[in-house]
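Hello,

Here is the structure I said I would pass on. Please have a look at it first; my notes on what turned up follow below.

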Number of protein chains: 2
Amino acid sequence: MSYLKQISDKELKEGIEHFIQEAKGKYVPSVTLDTVIFGFHDNKLKVLLLRFAQTAHFILPGGYLSKDEDLDMAALRVLRERTGLDNIFLEQFYTSGKKNRTSNSIVSQLMKDLLGNLPADHWFNQRFVSVCYYALVDDTKVNPKPEPFFTEFKWFDIEAIPVLLYDHNLIVEKALKRLQTDLDTKLVGSKLMRDSFTMNELQKLYEAVFQHPFVRTNFQRKMLSLGILERLEKQYTGKSHKAPYLYRFTKDPLED
Amino acid sequence: MSYLKQISDKELKEGIEHFIQEAKGKYVPSVTLDTVIFGFHDNKLKVLLLRFAQTAHFILPGGYLSKDEDLDMAALRVLRERTGLDNIFLEQFYTSGKKNRTSNSIVSQLMKDLLGNLPADHWFNQRFVSVCYYALVDDTKVNPKPEPFFTEFKWFDIEAIPVLLYDHNLIVEKALKRLQTDLDTKLVGSKLMRDSFTMNELQKLYEAVFQHPFVRTNFQRKMLSLGILERLEKQYTGKSHKAPYLYRFTKDPLED
């Protein structure tokens, strides 16, 4: 699913002014949240991105931390607001804090064009440290709703991420590295697979995440040695008996 | 190394007032840094803690983020200021952001006693999100200098960490979990060992970090299979030929 819409400069300006008004005193200063939302589809690892209005550039879905909200709760809320999904696997993986990470961007120029020069100490103008989470979602269930500043919502192949705003390419890179570690150590793969799957389908997931092929026999041996997969009985279908076995995860590896 | 000193209420009050004065406008609001400093000594994994003046409680060494400073640079500076060490292995592992994580603490009560009621929106009174780093250091090289708010500097066994201020026990727990993962995946052990060591000494490090014993033969097989250890030639010492082999890391696993 995706959307595409048009917005005029006037609408954007009003949207931003409204947002700044609403935000006044509501959020913890200097802290944002960004989420790298991964899906797995057609044997490709995908990342969800939003196009910032009146620019050609995409950005990670993100938001701010309310003063009365725990950080993890804020990450769940941001994800719910952006994707419509609840109860999602969400993992904090990095906090990005280079001093110039958001300054001199196309967005700051756009803001200047629309709003004039905001005072240097204005809330919107300050330096933000971004706490980053990654999410693993079923991309077919994501139901984006259009939002004031974003005119497009799109899944990108991990190998074809465009140049993003701010330092968001770096953040995607860090998220992928962490997903690789977590796939091996926390076995988060179950979050990206259907309930049952062939060994070949599981291998495709690992190849998409690690971005290189695995030898089939080695992969199968490694996976089976982990003791987390159950082979399902073959059901008689009248079709070829050469249909591959189906597997499922015996338990949620994250619930221990 | 450690220190212990006395400070009067008056000195502490003046120290804090001076700090607040100096801090004004200097730091990014709402963001602190905390560091879990690990050392390995006498086969024990140790953590460095500071005792907060006029309390019985210890706290992680930490600091604030200057407005003109990258986050990672701030972490290095904080560590340098607290330990005298430069060029240390430092890894960001977690950002702690529960809304009440520092409120209603013994420290806030102490501040109130010393300074009276600060305004609710005072810089010192605000909610802080803490970006946490862990460091691996040679504890014999740590050279703490006394600081205004801290009256004791001490290494604690990981198994005997006292009740810490704020949510710092949780942060130490998270740091240990991350160290366990990094020891296996990033092979950070070299940062905690001398240049050469016996297999038994390396096993002691792993046992201290994972907090359970390993079977000697399995451990040796696993370590040698990683291809990161070089066995040194035995030198003729005139002593027993049964002296164990010494090993060293063939390369810095982190430099790739």
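**What I found**

Chain A has six helices and 11 strands, where helices (H or I, at least four residues) and strands (E, at least two) are DSSP runs numbered from the N terminus. Before you go further, please note that this is a predicted model: local features need pLDDT of at least 70, side-chain atom pairs count only at pLDDT 80 or more, and totals for chains, interfaces and linings use all residues. Residues are numbered from 1 along each chain as its sequence is written, chains are lettered from A and ligands numbered from 1 in the order in which they are written, and side-chain values use heavy atoms, with hydrogens and water left out.

**Chain A overall**

Along the principal axes, the C-alpha atoms of chain A fill a box of roughly 70 × 35 × 30 Å. Of the 256 residues in chain A, 52% are buried (under 20% relative accessible area; exposed is over 50% and partly exposed in between, with a 1.4 Å probe and protein chains only). Take the contacts (heavy atoms within 4.5 Å) in chain A between residues at least 6 apart in sequence: 77% of them join residues at least 24 apart.

A:Arg51, in strand S3 (residues 44–52) of chain A, gives an example of a link across the sequence. Its C-alpha lies 5.4 Å from that of A:Phe150, although 99 residues separate the two in sequence. The side chain of A:Arg51 also reaches the backbone oxygen of A:Thr55 at 2.6 Å. Leaving out residues up to four places away in sequence, A:Arg51 touches several others, among them A:His57, A:Phe149 and A:Glu152.

**Helix packing**

Two packed helices are described by the angle between their axes and the distance between the axes. Here the axes are lines fitted to C-alpha atoms, for helices over the stretch in contact, and angles run from 0 to 180 degrees between N-to-C directions.

In chain A, the axes of helix H1 (residues 9–23) and helix H3 (residues 106–115) come within 10 Å and cross at roughly 95°. H1(A) is therefore roughly perpendicular to H3(A) (65 to 115 degrees; under 35 counts as roughly parallel, over 145 as roughly antiparallel and the rest as oblique). From H1(A) the contact uses A:Asp9, A:Leu12, A:Lys13, A:Ile16, A:Glu17 and A:Ile20, and from H3(A) it uses A:Leu110, A:Met111, A:Leu114 and A:Leu115. By class, these are seven nonpolar, no polar and three charged residues (Ala, Val, Leu, Ile, Met, Phe, Trp, Tyr, Cys and Pro count as nonpolar, Asp, Glu, Lys and Arg as charged, and the others, Gly among them, as polar).

In chain B, helix H5 (residues 199–210) and helix H6 (residues 216–225) pack at an angle of about 95°, with axes 10 Å apart. That makes H5(B) roughly perpendicular to H6(B). Residues including B:Tyr206 of H5(B) and B:Phe219 of H6(B) make the contact, which has six nonpolar, two polar and one charged residues.

**Core and chain-to-chain contact**

The largest nonpolar core (buried Ala, Val, Leu, Ile, Met, Phe, Trp, Tyr and Cys residues joined through side-chain atoms within 4.5 Å) has 86 residues, and A:Phe52 and B:Phe52 have the most contacts inside it.

B:Thr95 sits in strand S6 (residues 89–96) of chain B and is buried, with a relative accessible area of 1%. Its side chain is joined to that of A:Thr95 by a polar contact of 2.5 Å (a pair of N or O atoms within 3.5 Å; within protein, one must be able to donate a hydrogen and the other to accept it, and residues adjacent in sequence count only if both atoms are side-chain atoms).

Best wishes
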